[in-house]
Amino acid sequence: STHLSYEWGEETGGAGDKLTRYGGGLGLGRSLTEKLSASLSYNILARSSDTPGREYVENRVSLSLSYAF
């Protein structure tokens with residue numbers, strides 16, 4: 001699976017900065033046995049801001065195992 005996201009706005013309270021967030025991700029999964037399945041995903045989220053020091057890039061890798069009883 002894949003996904004993309006985009007967000008633009010202004011925070012209320014706090015610093016009240018104008019921000020842009022965008023991201024995307026990829027994931028895949030498969031059955032390992034009749035009852036056990038696994039999925040692996042990668043997601044990235046980046047934030048830009050007009051306030052210094054409030055920008056970041058987040059990279060996330062996830063591995064999930066599911067077992068059906």
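**Getting to know Ser-49 and its neighbours**

Trainee: Which residue has the backbone nitrogen that the side chain of Ser-49 reaches?

Mentor: This is a predicted model, in which local features need pLDDT of at least 70 and side-chain atom pairs count only at pLDDT 80 or more, while totals for chains, interfaces and linings use all residues. Residues are numbered from 1 along each chain as its sequence is written, and side-chain values use heavy atoms, with hydrogens and water left out. At 3.0 Å from the side chain of Ser-49 sits the backbone nitrogen of Thr-51.

Trainee: Where does Ser-49 lie?

Mentor: Strands here are DSSP runs of E with at least two residues, helices are runs of H or I with at least four, and both are numbered from the N terminus. The run that holds Ser-49 spans residues 36-49, and its name is strand β3.

Trainee: Is Ser-49 buried or exposed?

Mentor: Buried means under 20% relative accessible area, exposed means over 50%, and partly exposed is in between (1.4 Å probe, protein chains only). Ser-49 has 14% relative accessibility, so it counts as buried.

Trainee: With which side chain does Ser-49 make a polar contact of 2.4 Å?

Mentor: A polar contact is a pair of N or O atoms within 3.5 Å; within protein, one must be able to donate a hydrogen and the other to accept it, and residues adjacent in sequence count only if both atoms are side-chain atoms. The partner lies in the loop between β1 (2-10) and β2 (18-31). With a relative accessible area of 1%, that loop residue is buried. Ser-49's partner at 2.4 Å is Asp-17.

Trainee: And which other side chain does Asp-17 join, at 3.5 Å?

Mentor: Let's look at who touches whom, where contact means heavy atoms within 4.5 Å. Leaving out residues up to four places away in sequence, Asp-17 touches several residues, among them Gly-9, Arg-47 and Arg-54. The one whose side chain makes the 3.5 Å polar contact with Asp-17 is Arg-54.

Trainee: What about Lys-18: how far is its C-alpha atom from that of Tyr-67?

Mentor: Lys-18 lies in strand β2 and, at 45% relative accessibility, counts as partly exposed. Residues it touches, not counting those up to four places away, include Ser-48, Ser-49 and Asp-50. Tyr-67 is 49 residues along the chain from Lys-18, and the C-alpha atoms are separated by 44 Å.

Trainee: How far apart in space are Ala-68 and Leu-45?

Mentor: Ala-68 comes in the segment after β4 (56-67) and is partly exposed, with a relative accessible area of 44%. It is 23 residues from Leu-45 in sequence, and C-alpha to C-alpha the two are 32 Å apart.

Trainee: Stepping back, what is the radius of gyration of the chain?

Mentor: The elements run β-β-β-β from the N terminus on, with 0 helices and 4 strands. For 69 residues the globule rule gives 11 Å, and the chain is well over that, so it is more spread out than a compact globule. The rule is 2.2 Å times the number of residues to the power 0.38, and the radius is taken over C-alpha atoms. For this chain the radius of gyration is 17 Å.

Trainee: What box do the C-alpha atoms fill, then?

Mentor: Buried residues make up 16% of the 69 residues in the chain. Taken along the principal axes, the box is roughly 50 × 20 × 15 Å.
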